[in-house]
Amino acid sequence: MVDDNYFVISADFASSFAEYLRSHPPDATALQAFVADNNPDADEEYIGTLRETHDFLVRWFGSIDRNSFGVIHITF
């Protein structure tokens with residue numbers, strides 16, 4: 001962690017995490033339960049967005065090559 005908003009991701013961690021995400025795709029029932037608890041007014045499109053986010057993260061973490069790193073900036 002660089003500070004409260006920036007995280008540096010090593011190539012080794014990124015590869016390991018991408019593989020974890022790839023091998024643990026979102027479960028439809030679990031996503032529906034998550035949405036019901038956290039955003040009850042959301043529709044099916046929101047669940048689709050969560051799936052797309054998972055797929056994006058698999059690709060992003062998987063794209064970090066050896067001898068490089070990724071930086072994530074998280075704000076709310």
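Hi everyone. A quick word on terms to begin: a helix here is a DSSP run of at least four residues, and helices are numbered from the N terminus. Keep in mind that this is a predicted model.

With that in hand, take Glu44. Glu44 sits in helix α3, which covers residues 44-62. Is Glu44 buried or exposed? Its relative accessibility is 52%, and the bar for exposed is over 50%, so Glu44 counts as exposed. Glu44 also has company: together with Asp43, Glu45, Glu52 and Asp55, Glu44 forms a patch of negative charge on the surface.

Now to the aromatic rings. How many aromatic pairs are there? The count is 5. One of them joins Phe13 and Phe61, whose ring centres are 6.5 Å apart with planes at 75°, so we call that pair edge-to-face. Phe13 belongs to helix α1, residues 11-23, while Phe61 belongs to helix α3, so this pair ties together parts that are 48 residues apart in sequence. The two partners differ in cover: Phe61 is buried, at 5% relative accessible area, whereas Phe13 is partly exposed, at 43%.

Phe17 and Tyr20 make another pair. Their ring centres lie 6.3 Å apart and their planes meet at 10°, so this pair is stacked. Both residues are in helix α1, 3 residues apart, which is about one turn of the helix. Phe17 is partly exposed at 28% relative accessible area, and Tyr20 is partly exposed too, at 44%.

So where do these rings end up? Ring pairs join Phe13, Phe17, Tyr20, Trp60 and Phe61 into a cluster. Thanks for listening!

Methods. Residues are numbered from 1 along each chain as its sequence is written. This is a predicted model: local features need pLDDT of at least 70, side-chain atom pairs count only at pLDDT 80 or more; totals for chains, interfaces and linings use all residues. Side-chain values use heavy atoms; hydrogens and water are left out. Patches are made of residues with over 30% relative accessible area and no salt bridge: like charges are joined within 9 Å, nonpolar side chains (Val, Leu, Ile, Met, Phe, Trp, Tyr) within 5 Å. Accessible areas come from the Shrake-Rupley method with a 1.4 Å probe; for residues, only the protein chains shown count as cover. A salt bridge is a side-chain nitrogen of Lys or Arg within 4 Å of a carboxyl oxygen of Asp or Glu. Lys and Arg count as positive and Asp and Glu as negative; His and the chain ends are not counted. The place of a charge is taken as NZ of Lys, CZ of Arg, CG of Asp or CD of Glu. Helices (H or I, at least four residues) and strands (E, at least two) are DSSP runs, numbered from the N terminus. Buried means under 20% relative accessible area, exposed over 50%, partly exposed in between (1.4 Å probe, protein chains only). Rings of Phe, Tyr and Trp (its six-membered ring) pair if their centres lie within 6.5 Å; planes under 30 degrees apart count as stacked, over 60 as edge-to-face and the rest as tilted.
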